[in-house]
Amino acid sequence: MQPAPNRLGLGMRPPLPSYGQGPSISALAQQQMLQQPYHVMAPPTQKQTTLFVGSISGGITDDFLNTLLGSCGPMKAFKRLITPANKPQGFGFVEYEDPDSAIRCINLLNGVELPALEDGCANKKLLIKADEKTKLFMDAYSAQKMKTDTDDAKVQEARHKITTLIEDLNRTSLDAANRGLIDKERYVIPPHLHDLQEADLPEGQRGLVISEIAQFRERAAKREREKVREVKESIPHILSSTTPTPSGPKMREWGKQQQPHTSTSPSGKSQQPQGKGTQNYSKPVGFVKAEDAGAATGSLGAGLKTDEELEKERREARRRDEELSFKDRERRYEPRERARIAALERTIARQNAIREAEERDRREMQQRLDVWDDDESDELFYVDRARWRQARARRLVAEEAADAESRAYEEREAENLRIESEKFLARQMEDMQALAEEQRKAGMLLDDGAPVKLHVSLNPAPVKAEPSQKEAKAAVFGQEEEEEEGGIKKRKAPLVKLDFSAAEGEKAKERLETIKQSVPHDKETLFKAKVRWDGLTDMMIDRKFEPIIKHQMVKYLGELEDDDLIMFVVEHLKDHKGPQKLVEGLEPVLEEEAQEFVVNIWRQVIFESMAYGDGLQTERMTVD
């Protein structure tokens, strides 16, 4: 019997024959492959890829970034957020038309250091990253696409362009620093540390804060004056030395008669030089002795120092300053390192102790289990299960009785406390009523509870006839009686009802839970809800909202190198802006997830506003 011809091609074996048990799995698989047409696994369709560009150095313009990012491939758009002060943020988003350009951008630009072009800014390394979806797409694209010589040529071309641009930027930064246009060591005051206006300060602490700021500035100015005085005293007074600094030859003024140089002798008489001028040969030249010339030269050299000596002294002073600075840094570094090493040693010792205790417990348990015998055990659970259940039931009954007694004692204490507080308030009200009655009888209060207006005058009062009782009463009280039909109109001040329910812990928590459940979830109702911005202080936003915002950002974007995006949301809340503007500002970053992010943050804002309206403190409670 001849074997069947091989129809699969490429050396594939024919299916194995079956003997009454149906076709084998391999035969069915091969038959299905023959029936279906041959398909080639095509790479995923190209789509536009968006990358996050962070850690942008200060002063880098959008034009330079467009050129730098465009050197990696065709780019569709580059978006960069703007701060409220109309200054570009330190991050942005670039969108490429194909995945190859995005992959080249990550490989060539991630970690590239850009020099700063602004005062007080340090050099930063670019951070190029993609979100999870884009990263998965690019990984699949790279795994399925075959690299060619054209791709290598594009990579080399892009690397050359990037190198040229970075060198030009470094050259520009160096030239600006040499000309004094950029001072990288200058400290730039952040916007949140600028002087506050008087209206921005709390009314109760406005005077104290202003006085403290004035005292601090006065002390700083005093220290600066003392420092300048010390520097001036340390500079050698070269100009005030006994030997004057030699000057160059005096220029002749043509058209004017030259005045002969005269010198004053110790006796006060002027002495004429030997000649009439510097080029007068009518009189012989005056000579001096050698020792006199040496003495004059020595006195001149003793008063002045050469440039080499001054430079040597400056270098020596700089070396001493650097040595002192190094010793100071070393003195501060060593204790910190010793403390860190001690903490590490304590941690290691604690971990070793825990490990040894676990090992010891394991050995003891192993030894106990090796000799354990259920038949010879004295444990009541194994010996007499019925007695063990009875003892356990008695313990549970005793525990429940003790819990009931403790709860009854707490209820009695709460009732006694309520009764004592009511008695205390009743006594306070009786004392206040008795005091008001005494003041009314003494003429200090009117019938409506208002104090008496007394008119004091230093002039002697004129003698008048005794007025009637009604007129005397009106004169004493300083007002006329308000008469109505049937009697005198009297007004009493209403008593304020004291409510202590909000101060009780359990009731306050229940009310907060009720408020939390009532916070809306849908976008329309949530964005239309009223916000009590007076209850959301800057301190609350910094301490409570900033960690929540950071947690949400990490949830959507992963770990962030810079906090620029978090500070953007925090400043938005501090400026009391609406949620829709926040959604528009975050759409370039989070895209379709921006709305969900703003809804989560705004639910916490509405929860804080509603709790503040009811006079409750949320402390660390969050809405989610």
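**Exercise 1. Determine in which helix Leu369 is found, and which surface patch this residue helps to make.**

Solution. In this predicted model, Leu369 is found in helix H8. The next step is to look at the surface, where Leu369 joins Met365, Trp372, Tyr382 and Val383 in making a nonpolar patch of about 500 Å². Helix H8, which spans residues 307-370, and helix H9, which spans residues 380-383, are the elements that give two or more residues to this nonpolar patch.

**Exercise 2. Decide whether Thr134 is buried or exposed, and state which residues Thr134 touches once residues up to four places away in sequence are left out.**

Solution. Begin with the location: Thr134 lies in helix H4, which covers residues 132-144. The relative accessible area of Thr134 is 9%, and because buried means under 20%, Thr134 is classed as buried. Turning to the contacts, and not counting residues up to four places away in sequence, Thr134 touches Thr49 and Thr50.

**Exercise 3. For Ser55 and His576, give the value that phi is near, and then place each residue in its loop.**

Solution. Phi of Ser55 is near 60°, which is a positive value in a residue other than glycine, and phi of His576 is likewise near 60°, again positive in a residue that is not glycine. Ser55 sits in the loop between strand E1 (49-54) and helix H2 (62-70), while His576 sits in the loop between helix H15 (564-574) and H16. As for accessibility, Ser55 is buried, with a relative accessible area of 10%, whereas His576, at 40% relative accessibility, counts as partly exposed.

**Exercise 4. Identify the residues that gather in a patch of negative charge on the surface, and locate Glu591 among the helices.**

Solution. The patch of negative charge on the surface gathers Asp131, Glu132, Glu591 and Glu592. One of these residues, Glu591, has its place in the loop between helix H16 (579-590) and helix H17 (594-613). The relative accessible area of Glu591 is 41%, so this residue is partly exposed.

**Exercise 5. State how many helices and strands the protein has, and what share of its residues is buried.**

Solution. The protein has 17 helices and 10 strands, and buried residues make up 20% of its 624 residues. For the surface, the protein exposes about 49400 Å², of which carbon and sulfur atoms supply 53%. For the contacts, taking those between residues at least 6 apart in sequence, 64% join residues at least 24 apart.

Technical notes
Residues numbered from 1 in each chain as written. Predicted model: local features only at pLDDT ≥ 70, side-chain atom pairs only at ≥ 80, totals over all residues. Heavy atoms only, no water. Helix = DSSP H or I, 4+ residues; strand = E, 2+ residues; numbered from the N terminus. Buried < 20%, exposed > 50% of the residue type's maximum accessible area, 1.4 Å probe, protein only. Contact = heavy atoms within 4.5 Å. Patch = residues over 30% accessible without salt bridge, like charges linked within 9 Å, V, L, I, M, F, W, Y side chains within 5 Å. Areas by Shrake-Rupley, 256 points an atom, 1.4 Å probe, with all protein chains shown as cover. Salt bridge = Lys/Arg side-chain N within 4 Å of Asp/Glu carboxyl O. Lys, Arg positive; Asp, Glu negative; His and termini not counted. Charge placed at Lys NZ, Arg CZ, Asp CG, Glu CD.
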